[in-house]
Amino acid sequence: KLAAHLPHDMIMKGTWPTTEFKKYNFEALGKEIELGKLHPLMKVRAQFKDVLLEMGFEEMPTNQYVESAFWNFDTLFQPQSHPARDSHDTFFVKDPASAEIPDKEYWEKVRNAHEKGGYGSIGWRYPWQDEEAKKNILRTHTTAVSAKMLYKLAKESQEGEFKPKKYFSIDRVFRNETLDATH
């Protein structure tokens, strides 16, 4: 049987010059190397996404990580004094530090809902701050994407016929939380 490799002991004993070696085939393909794998959470995400798409849902555009506090908190009726908006829970963006007002009319509806209520609510009854709503942050939940999508659908339905849609989002969020097995 011809030798296929040159081990350490063959070199140390000095037997390698008289050993007959198997010819090396430079044309042979080597063993295929596995390069990377999906993280288990990314696999689960892909499975959920496939199920939801098969059920007729559309994925919302979630590629915008920087969001204004207006879309992330205010449109979801979270008061501006809520503890989740504090710097120890939210990552604030320095440059640009603030966003533009998206739609003055909608901005005022959200302000009025916070200050005076409406739609069956008495509101939070506090002076709403424009500067607080304009702050840019790294989104703390994907519900901010849902709020924007509902706004967009409402605008589209005002311009034409309303068409019901089914949406989902599964994506990154940024919260300053203590790392443990569940976070």
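Which residues make up the largest nonpolar core? In this predicted model, that core has 9 residues: F70, W71, W107, V110, Y126, W128, A133, A147 and Y151. Helices α3, α4 and α6 each give two or more residues to this core. In soluble globular proteins, nonpolar side chains tend to be buried together.

A133 is one of the core residues. Beyond four places in sequence, A133 touches S68, A69, F70, D74, Q80, W107 and W128. Among these partners, F70, W107 and W128 belong to the core as well.

**Helix α4**

Helix α4 runs over residues 104-115 and has 12 residues. From first C-alpha to last, α4 reaches 16 Å, close to the 16 Å expected at 1.5 Å a residue.

Which residues of α4 are buried? They are W107, V110, R111, A113 and H114. Seen down the axis of α4, the buried residues fall within an arc of 160°, so they line one face of the helix. An α-helix has 3.6 residues a turn, so residues three or four places apart point the same way. W107 and V110 also appear in the nonpolar core.

The cover over the buried residues of α4 includes α3 (69-72) and α5 (130-134). The face turned away from the buried side carries the exposed residues K104 and E105.

At the start of α4, a side-chain oxygen of D103 comes within 3.0 Å of the backbone nitrogen of E105. After α4 comes G117, with a positive phi near 95°.

**Backbone features in the loops**

Two residues that are not glycine have positive phi: Y119, at about 55°, and R125, at about 60°. Y119 sits in the loop between α4 and α5, and R125 is placed in the loop between α4 and α5 too. Buried or exposed: which is Y119? Y119 counts as exposed because its relative accessibility is 75%, where the cut-off is over 50%. R125 is likewise exposed, with a relative accessible area of 60%.

| Residue | Phi | Relative accessible area |
|---|---|---|
| Y119 | about 55° | 75% |
| R125 | about 60° | 60% |

The loop between α3 and α4 holds P96. A cis peptide bond joins D95 and P96, with omega about -5°.

**T140 and S169**

Where is T140? T140 lies in the loop between β3 (136-138) and α6 (143-159). T140 has a relative accessible area of 5%, so this residue is buried; the limit is under 20%. The T140 side chain makes a polar contact with the side chain of N72, at 2.8 Å. Setting aside neighbours within four places in sequence, T140 is in contact with N72, F73, T90, V173, F174 and R175. N72 is therefore both a polar partner of T140 and a member of its contact list, since a polar contact needs atoms within 3.5 Å and a contact needs heavy atoms within 4.5 Å.

S169 is found in the segment after β4 (167-168). Which side chain makes a polar contact with the side chain of S169? That of T142, at 3.2 Å. Leaving out neighbours within four places in sequence, S169 is in contact with M60, T62 and T142.

Definitions and conventions: Residues numbered from 1 in each chain as written. Predicted model: local features only at pLDDT ≥ 70, side-chain atom pairs only at ≥ 80, totals over all residues. Heavy atoms only, no water. Helix = DSSP H or I, 4+ residues; strand = E, 2+ residues; numbered from the N terminus. Buried < 20%, exposed > 50% of the residue type's maximum accessible area, 1.4 Å probe, protein only. Polar contact = N/O pair within 3.5 Å; in protein donor to acceptor, adjacent residues only side chain to side chain. Expected span 1.5 Å × (residues − 1). Arc of directions from axis to C-beta. Core = buried A, V, L, I, M, F, W, Y, C linked by side-chain atoms within 4.5 Å.
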